[in-house]
Amino acid sequence: MNISIEKLLNNQIRYEAQASMQYLAMASWADSTGYNGVADFFYSQSEEERAHMIKLVKFVNERGGKVIIPKLEKAMDDFENLNELFEKFLKSEMFVTEQISHVIYECLQQKDYNVHNFMQWYVTEQLEEEAMARTLLDKLNIIGSDKSGHYLFDRDIQAIAASQEQE
Ligand code: OFO
């Protein structure tokens, strides 16, 4: 495996792992704050990111590369309110999307069409996740500081979390 691609894939393993821990911290914050629907949503997002990380670990190993299990930064675990929580979510997704574009760019430079092909799954996944994060934040911006709005938001997002679990 090309060294620069291997390095980028290992970075990507770290970003997915970091996102998984970040969403776990967000789930825990929501759980302890009484937003059970939001908690379920982020517990499930955390699982998803972990699955993304493992998919990369297996791929690098299959291709004969060397996987580095990463050291992670401490996740942000305290939030002012739901808006701040979902702003962090969107930022995290946008960051990951950017990094994936970087990997894709390098694959084209190195003419590694195998990795390029593998990464397409991540491109699609990021599109969906970023769109979802943006929609949820838009909803929260409409709700503003209305407490009953937050209650309904929490109830609605529980349905999204339940459908994710069935996937
Ligand atoms: Fe790994 O899908 Fe978002 O970050």
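Let me begin with a definition: a salt bridge here is a side-chain nitrogen of Lys or Arg within 4 Å of a carboxyl oxygen of Asp or Glu. Aspartate 156 and arginine 155 meet that criterion, with their closest N and O atoms 3.6 Å apart. Please keep in mind throughout that this is a predicted model.

How many salt bridges does the rule yield? The count comes to four. I shall discuss three pairs, beginning with the one just named. Arginine 155 has a relative accessibility of 51% and counts as exposed, because the exposed class begins over 50%. Aspartate 156, at 44%, counts as partly exposed.

The next pair joins the side chains of lysine 74 and aspartate 77, with a distance of 3.0 Å from N to O. Lysine 74 is exposed, its relative accessible area being 66%, whereas aspartate 77 is partly exposed at 43%.

The remaining pair to present is arginine 134 with glutamate 130, where the closest N and O atoms are 3.1 Å apart. Both residues belong to helix α4, which spans residues 113-143, and they are four residues apart, about one turn of the helix. Is glutamate 130 buried or exposed? With a relative accessibility of 14%, glutamate 130 counts as buried, because that class covers values under 20%. Its partner, arginine 134, is partly exposed, with a relative accessible area of 36%.

I turn now to the aromatic residues. A search of the whole structure finds 15 aromatic pairs. In one of them, the ring centres of tyrosine 23 and phenylalanine 42 lie 5.8 Å apart and the planes meet at 50°, so the pair is classed as tilted. This pair links distant parts of the chain, since tyrosine 23 lies in helix α1 (residues 3-33) and phenylalanine 42 in helix α2 (residues 36-62), 19 residues apart. Both tyrosine 23 and phenylalanine 42 are buried.

Another pair, tryptophan 121 with tyrosine 122, is edge-to-face, at 4.9 Å centre to centre and 80° between the planes. Tyrosine 122 is buried, with a relative accessibility of 1%, while tryptophan 121 is partly exposed at 36%. What sits over the ring of tryptophan 121? The charged end of lysine 55 does, 4.4 Å from the ring centre.

Returning to tyrosine 23 and phenylalanine 42, both are members of one aromatic cluster, together with Phe41, Phe86, Phe89 and Phe153.

This brings me to the nonpolar cores. The largest has 25 residues, and those that touch the most other members are Val38, Phe41, Phe42, Leu82, Leu85 and Phe86. Which helices supply this core? At least two residues come from each of α1, α2, α3 (82-110), α4 and α5 (147-166). Helix α1 gives the most, with six residues.

Phenylalanine 86 deserves a closer look. Leaving aside residues up to four places away in sequence, phenylalanine 86 touches Val38, Phe41, Phe42, Leu136, Leu137, Leu140, Phe153 and Ile157. Of these contacts, Phe41, Phe42 and Phe153 also belong to the aromatic cluster that includes Phe86.

There is also a second, separate core of 20 residues, whose members include Ala17, Phe59, Ile104 and Met119.

To close, I return to phenylalanine 42: this buried residue pairs with tyrosine 23, belongs to the aromatic cluster, and is one of the residues touching the most other members of the largest nonpolar core.

Notes: Residues numbered from 1 in each chain as written. Predicted model: local features only at pLDDT ≥ 70, side-chain atom pairs only at ≥ 80, totals over all residues. Heavy atoms only, no water. Buried < 20%, exposed > 50% of the residue type's maximum accessible area, 1.4 Å probe, protein only. Phe/Tyr/Trp six-rings, centres within 6.5 Å; stacked < 30°, edge-to-face > 60°. Lys NZ or Arg CZ within 6 Å of the ring centre and 35° of its normal. Core = buried A, V, L, I, M, F, W, Y, C linked by side-chain atoms within 4.5 Å. Contact = heavy atoms within 4.5 Å.
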